[in-house]
Amino acid sequence: MKTLRYVPSATLMLALLTSAAFLGCAAPGSDDVVSPDETAAAAEAYEPEAVVPTKAHAVLTPIEGSSVQAAVNFTEVAGGVQVNAWVLGAEPGDHGFHLHEVGDCSAADFTSAGGHFNPTAVQHGGPGDALHHAGDWGNLVVNSVGSGALSVTTNMLSVGPGANSVVGRAVILHSGTDDLVSQPSGDAGPRIACGVVELGSAPPMESMESMESTESTEEGSDDAAAASADESGQ
Ligand SMILES: [Cu+2]
C-alpha cells in the first residue's frame, strides 16, 4: 500500500520539477521584449551573445503647428540596412531627411537631436556620393497631395549593436531641400518632424505596402523615391 501511495506523489513531484525547468528556460526569452523607455540606452546595453535584432523604427512627431506624419522602418539586409520611410501631410517638394546623432526630440525646434549621424567623420553629401554622412539619406520627395516615400539601402548603418547602430538616434524631416553640397548639413532648413529610433517595426500603415515593394540602392534612391511618390497618386 505504501508503494501505491507514493507513486502518485512521485509523479506529481516530477511534473512540478518539469514545470519549473520549463519556466526556467522560458524566462530569458522575455529579455527580447524591450519597452520604449529602455530603447534609448539599448545600443550600449546589448551583450555580444544576445540575439542580434534585425528591425528598428521611428515614428516622427511634428513641430508645433504642423500636422505632418512620418515613420521609418529599418531592416537589416545583406550588406547593410534598408531604410523605408513615408510621409503624409507635408508641403509638396523635396525635404531633407537624415539620421541625426542624438535620440532626443525634446527641444521645440528639435535641435536637441544634434547634427547628422556621422561616425566616419566625413563631409556631408548625397547618399550616392563617394563621401557622405552615414545619416545622409538625401531628400524625401513629397507629391502634390502631401505624401511621399523614400527607400535607401546603406552599408554605413546597422540595426544591431555597434558604432553604426541606428537605435537610440533620431530621424529628422526638414522643411527645405537638402542641396547635398552645403556643409555641414545641406542647408535643408528648419526641422519639422523628429522621431527617436527604437527596436521593432513601426505600426502598420497603408502607405507601407507600396514602399515594401520598392527595392533600391544608394545610387538609385532618388529614382526609387520618385517612383514611390508616383505610385501613391502624384
Ligand atoms: Cu537633418
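**Why the labels fit: a chat about the model**

Modeller: Let's start in the loop between β4 and β5, where F110 sits. The strand numbers count from the N terminus, and they come from DSSP runs (helices are H or I over at least four residues, strands are E over at least two).

Biologist: Before that, what kind of model is this?

Modeller: It's a predicted one, where local features need pLDDT of at least 70 and side-chain atom pairs count only at pLDDT 80 or more, while totals for chains, interfaces and linings use all residues. Residues are numbered from 1 along each chain as its sequence is written.

Biologist: What is the mean pLDDT of the chain?

Modeller: It's 78, with 65% of residues at 70 or more; pLDDT is the predictor's confidence in each residue, on a scale from 0 to 100. Residues 1–30 fall below 50, and beyond near neighbours in sequence that stretch has 0 contacts in the model. Residues 207–234 are below 50 too, but that stretch has 58 such contacts. A contact here means two C-beta atoms, placed from the backbone, within 7 Å.

Biologist: Back to F110, then. What makes this residue buried?

Modeller: F110 has 25 other C-beta atoms within 10 Å. The cut-offs are 20 or more for buried, 12 or fewer for exposed and partly exposed in between, again with C-beta atoms placed from the backbone. The count of 25 meets the first cut-off, so F110 is buried.

Biologist: And why is the phi of F110 worth a remark?

Modeller: Most residues other than glycine have a negative phi. F110 has a positive one, about 65°, and isn't a glycine.

Biologist: A121 lies in the loop between β4 and β5 as well. Why is A121 called exposed?

Modeller: A121 has 6 other C-beta atoms within 10 Å, so the count falls under the exposed heading. Its phi is positive too, near 50°.

Biologist: V145 is in the loop between β5 and β6. How do you know which label V145 gets?

Modeller: Its count is 14, which lies between the two cut-offs, so V145 is partly exposed. Its C-alpha is 8.4 Å from that of L88, 57 residues away along the chain.

Biologist: How about L157, between β6 (148–154) and β7 (170–174)? Is L157 buried or exposed, and how do you know?

Modeller: Buried: 26 other C-beta atoms lie within 10 Å, so the cut-off is met. Leaving aside neighbours within four places in sequence, L157 is in contact with G80, V81, A134, N164 and V166.

Biologist: V166 comes up again in the largest nonpolar core. What makes a set of residues a nonpolar core?

Modeller: They have to be buried Ala, Val, Leu, Ile, Met, Phe, Trp, Tyr or Cys residues, joined through C-beta atoms within 7 Å. The largest such set has 44 residues, and A70, A85, V87, V166 and L173 have the most contacts inside it. β3 gives the largest share, 5 residues. V87 is in contact with A70, L140, V142 and L173, among others beyond four places in sequence.

Biologist: Last one: which peptide bond is cis, and how do you know?

Modeller: The one from Q183 to P184, with omega near 5°. P184 is in the loop between β7 and β8. Most peptide bonds are trans, so a cis one gets a mention.
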